[in-house]
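Please look at the structure shown below and follow this report through it, one region at a time. The report begins with a single loop residue and then widens to the strands and helices.

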Amino acid sequence: MSNSFLELLESREVLLADGATGTNLFNMGLQSGDAPELWNTDEPEKIKALYKGSVDAGSDLFLTNSFGGTAARLKLHDAQGRVRELNRVAAELGREVADKSERKIAVAGSVGPTGEIMQPVGELSHALAVEMFHEQADALKEGGVDVLWLETISAPEEFAAAAEAFKLADMPWCGTMSFDTAGRTMMGVTSADLAKLVEDYDVPPLAFGANCGTGASDILRTVLGFAAQGTERPIISKGNAGIPKYVDGHIHYDGTPELMGEYAVLARDSGAKIIGGCCGTMPDHLRKMREALDSRPRGDRPTLEQIVEVLGPFTSANDGTEEGSDAGSERRGRRGRRRS
Amino acid sequence: MSEEEDIILSELDDEELVQQMFDDLYDGLKEEIEEGVNILLERGWAPYKILTEALVGGMTIVGADFRDGILFVPEVLLAANAMKGGMTILKPLLAETGAPRMGSMVIGTVKGDIHDIGKNLVSMMMEGAGFEVVDIGINNPVENYLEALEEHKPDILGMSALLTTTMPYMKVVIDTMIEQGKRDDYIVLVGGAPLNEEFGKAIGADAYCRDAAVAVETAKEYVARKHNAMNA
């Protein structure tokens, strides 16, 4: 079976992924509060324009408009009965745009978090999470995606549930977590943790990494953290176009296209193979990223100081991967644990 | 420190027992917390004293370590759950004894925003800290907030937004409260990934809360100030 994603992954040194979905759709008139996935059937031309924006800017792959396509998320819009339809169409529109291009373009089926907290701390059971991810995965497969693309996850339990579902759907996959809390995910996962975690699944991801989070500097520190584990697995870096600022009643991401070009080069030099943007990343940013990746020679792995110099400061002093950080939870003098 | 002997809660003196409950909260041990609360009640502690000295005291440590990046969300939720176990026992007794309340909060994500995980965390931690929380869910227009404020008369209004496109709506809510002369009746706290302190000030909120632990600390501080002002 020919698979554009696998072919690209094997034949290219670096792949340019896509940019933001939300930011672009809001610019096309999506009202906040509405589910972007409903536009797959209501406004298919706009979704194709979204995909085409990435392709025309030089992306080698793009993600489908299906981030909130699990029953858990669609339920908030009373569309939980439309999982199959909305995901299938998201993929079909993507296939159409990709296959029209003269370049080889891969379509990645976006799968976002359920938004629920999993057991034991939350309510969502493993079995139900697997079922919901499986339903979405099957529909994206039916619509013709080359690969499934899990993103913005923070809990290892949810990552594992998706991995199991993708195995059931018999689809190759990639997966990224969002490291937005002092260099860790909201649930405390470090870059080193994820690099180890992905090796434990029955079917590991073809590539893994980080997306969204905070600024461009932070995500590069995370990429360096993956690389430091000596992983052979391709690393993904999809960072936001800077940090949102509130200026005169409007929101503005402070990452310019030029800055994202610098980010792309540093991401590559840090060890990432698949590089893209996340929130705030528009086609103009992608063009500069493509240009920078194509024109600038590969450099040495940057130091943290070099990253700060080019992209600005980190949002936290460390990211939980430094020596001795695991002893943290024993900070206080502890009494004997009972009933152990 | 590392002896593995079972500790019998009822054999500890009051001070040791409270220290042990701090540890048990830290470890998210719900049954032990319930047992500790019952022992203190039997020893004649006032429900309010148990709440503030044993439970809130313990959760303050959890909150501080969460703020400092030592504990993460899963541990904090387990601690909050243990705290809630204790609260369930204390709640009717607190009402009976007419003890001062910790405070109450109406919380929801603003119109246009369907991202609720942050709001849910704040709700759980606020409840864990002993607050009464009315969660009005996602995607709330200004009318929903005003109705809930009218109905529940909380101390605090909490608003959450994850999107840069929805966070300006917080200002709409606050402006409407000002127009109706209700703004000063409530403490307004805002939070969400894209916000910052500057934004909180710009829209006229009392405070921006970086995370759920900060939300709890800020809520406690503002409610204490409000109660002091009322008693002055």
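## Unusual backbone angles in chain A

In this predicted model, A182(A) lies in the loop that runs between β5 and α9 (191-197) of chain A. The phi angle of A182(A) is near 50 degrees, which is a positive value in a residue other than glycine. Most residues other than glycine have a negative phi, and most peptide bonds are trans. A182(A) is also buried, because 22 other C-beta atoms lie within 10 Å and the cut-off for a buried residue is 20 or more.

A positive phi also appears at T152(A), where the angle is near 60 degrees and the residue is again not a glycine. T152(A), however, is found in a strand, namely β4 of chain A. T152(A) has 20 C-beta neighbours inside 10 Å and therefore counts as buried. As for the peptide bonds, the one from Q119(A) to P120(A) is cis, with omega near 10 degrees, and P120(A) lies in the loop between β3 and α7 (126-142) of chain A.

## The sheet of chain A

In what order do the strands of the open sheet in chain A follow one another? There are eight strands, arranged as β1-β10-β7-β6-β5-β4-β3-β2, and their pairing is parallel. The edge strands are β1 (15-16) and β2 (61-63) of chain A, each of which pairs on one side only.

Two of the pairings can be followed in detail. β3(A) and β4(A) pair in the parallel sense over four bridges, and within β4(A) the bridge partner of S110(A) is W149(A). Strand β4(A) is mostly covered, since seven of its seven residues are buried. Elsewhere in the sheet, strand β6 (residues 207-212) and strand β7 (residues 235-239) of chain A pair in the parallel sense over five bridges, and here the bridge partner of A210(A) in β7(A) is S237(A).

## Helices lying across the strands

Helix α8 (residues 156-168) of chain A lies across three strands of that chain, β3 (106-111), β4 (147-153) and β5 (173-177), and runs at about 170 degrees to β4(A). Helix α10 (residues 216-228) of chain A lies across β6 and β7 of chain A, and its direction is at about 170 degrees to β7(A).

## A helix with two sides in chain B

Helix α9 of chain B comprises the 20 residues 212-231, which at 1.5 Å a residue should span 28 Å, and its end C-alpha atoms are indeed 28 Å apart, so the two values agree. Which residues of α9(B) are buried? They are A212(B), A213(B), A215(B), V216(B), A219(B) and V223(B). These buried residues cover an arc of only 155 degrees around the axis, and therefore they lie on the same side of α9(B).

On the other side of α9(B), the residues E221(B), A224(B), R225(B), N228(B) and A229(B) are exposed. The elements of chain B that cover the buried residues of α9(B) include the helices α3 (47-67) and α5 (117-128), together with the strands β1 (104-109), β3 (156-160) and β4 (187-191).

## An annotated region of chain B

An unreviewed UniProt entry carries the annotation "domain: B12-binding N-terminal", which covers residues 8-102 of chain B. Over residues 8-102 of chain B, the chain is 76% helix and 0% strand, and the end C-alpha atoms are 30 Å apart.

Technical notes
Residues are numbered from 1 along each chain as its sequence is written. Chains are lettered from A and ligands numbered from 1 in the order in which they are written. This is a predicted model: local features need pLDDT of at least 70, side-chain atom pairs count only at pLDDT 80 or more; totals for chains, interfaces and linings use all residues. Helices (H or I, at least four residues) and strands (E, at least two) are DSSP runs, numbered from the N terminus. The expected span of a helix is 1.5 Å times one less than its number of residues. A residue is buried if 20 or more other C-beta atoms lie within 10 Å of its own, exposed if 12 or fewer, and partly exposed in between; C-beta atoms are placed from the backbone. The arc is that of the directions from the helix axis to the C-beta atoms. Two residues are in contact if their C-beta atoms, placed from the backbone, lie within 7 Å. Two strands pair if DSSP finds at least two bridges between them. Axes are lines fitted to C-alpha atoms, for helices over the stretch in contact, and angles run from 0 to 180 degrees between N-to-C directions. UniProt positions are given in the numbering used here, feature names are shortened, and annotations may be inferred rather than shown by experiment.
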